[in-house]
Amino acid sequence: MSNPRVLCLGELLFDIISNEPGVPYEEVKSWTSYPGGAPANVACALVKLGTSSGFVGCVGSDEPGEALVSLLENTGVNTAGVQRHPTAPTREIYVVRTETGDRQFVGFGDRQTTEFADAFLADDDLPSPLFETADYLVLGTLEMAYELTYQAIERALDFARQYSITTVLDVNWRPMFWQDVDRAKDLIRSMLNRFDILKLSDDEATWLFDTQNPEAIAHRLAPIQQVIVTAGEQGCAYTLAGNTGKVPAFDIDVDETTGSGDSFLAGFLHQLCQRGQESLRQPDLAHEIVTYASAVGALTATRPGAIAAQPTRAEVEAFLHLYHQDS
């Protein structure tokens, strides 16, 4: 398998999603397991759109871990960066849904957040050849919560600087992954100057910066020039290479939103791989790229599961064709 253009480092897990929208966690009687984990979601979505990707992370030497790695391989994701921990289990996280499809992450069953394999990614075992030819490195903040995986993130960012890889941070804030939530904000902020592209939700923008204005955030983070703030049914706002704009949300029937933001990011990066980063300097092209990303995210929300719900490139193109016809 050839080296991928986009590397995604972080968690690979099972989302245990409630089959009973609107029912509290303690009362749910029916659950379904879906493969997930934000970086893994991005990696799979990229391949389905036609951009090569690789996943870097750690799973358990258990049946769930093997099933997840097999899924990545069958999807076409490069798994040379996957490590297997001999005793720690592959992570599972429980998710409940509102009646409108919005999700809430509620816990790890009877385990502590530090017990899972993804908390033990070893920096010494990161495969440097993958980084030598990559164009983009995608990270989230969840794995910054664990000492060993944090060291692996530092090593990956060093590789990125060494090989001139564009670095992308999707904040993906989940308090339950952190033992010390109060420490998280300062640590995440201290890392921001290591990234070239920042994607965050409106709630995350407020939490980190007390504003949802991407231009204001970019100003505070100079020299970062690419900031995207997503807001679900309110659409998204962006500042990209000096171009600012907004893209309204598509009118769709939402099943559940797990993984939609990850698909959005995959759509965005796929377009950058197709068109080149210089395209962001043109206002019309920047708007087209974010619109495409929004379509990928929207289509993911129409079906259950993060990876299972992801659209193909043909589905996205057909969806956008109909959208432009109706506009």
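Which residue lies over the face of Phe108? I looked this up in the model, which is a predicted one. The residue is Arg91, and I recorded 4.9 Å from the ring centre of Phe108.

**Entry: aromatic pairs**

I next searched the whole structure for aromatic pairs and obtained eleven. I noted how such a pair is reported: by the distance of the centres and the angle of the planes.

I examined Phe250 and Phe319, one of these pairs. Their ring centres are 5.0 Å apart, and the planes make an angle of 65 degrees. The pair is edge-to-face, because its angle is over 60 degrees.

I then located both residues in the chain. Phe250 belongs to the loop between strand E13 (243–247) and helix H8 (260–275), whereas Phe319 belongs to helix H10 (residues 313–326). The two parts are 69 residues apart in sequence, so this pair ties together separated parts of the chain.

I found that Phe250 also pairs with Tyr323, again edge-to-face. Here I recorded 4.8 Å centre to centre and 75 degrees between the planes. Tyr323 lies in helix H10 and Phe250 in the loop between E13 and H8, so the pair ties together parts 73 residues apart in sequence.

Is Phe250 buried or exposed? I looked up its relative accessibility, which is 12%. Phe250 therefore counts as buried, since the cut-off is under 20%. For Tyr323 the relative accessible area is 32%, so I entered this residue as partly exposed.

I also noted a cluster in which ring pairs link Tyr25, Trp31 and Tyr94.

**Entry: positive phi values**

I turned to the backbone with a general expectation in mind: most residues other than glycine have a negative phi.

Which loop holds Ser164? I placed Ser164 between helix H4 (147–162) and strand E9 (166–170). Its phi is near 55 degrees, a positive value, and Ser164 is not a glycine. Ser164 counts as exposed, because its relative accessibility of 67% is over the 50% cut-off.

I made a similar check on Asp210. Its phi is positive, about 60 degrees, although Asp210 is not a glycine either. I found Asp210 in the loop between helix H6 (202–209) and helix H7 (214–220). With a relative accessible area of 68%, Asp210 is exposed.

Methods:
Residues are numbered from 1 along each chain as its sequence is written. This is a predicted model: local features need pLDDT of at least 70, side-chain atom pairs count only at pLDDT 80 or more; totals for chains, interfaces and linings use all residues. Side-chain values use heavy atoms; hydrogens and water are left out. Rings of Phe, Tyr and Trp (its six-membered ring) pair if their centres lie within 6.5 Å; planes under 30 degrees apart count as stacked, over 60 as edge-to-face and the rest as tilted. Helices (H or I, at least four residues) and strands (E, at least two) are DSSP runs, numbered from the N terminus. Buried means under 20% relative accessible area, exposed over 50%, partly exposed in between (1.4 Å probe, protein chains only). A charge sits over a ring if NZ of Lys or CZ of Arg is within 6 Å of the ring centre and within 35 degrees of the ring normal.
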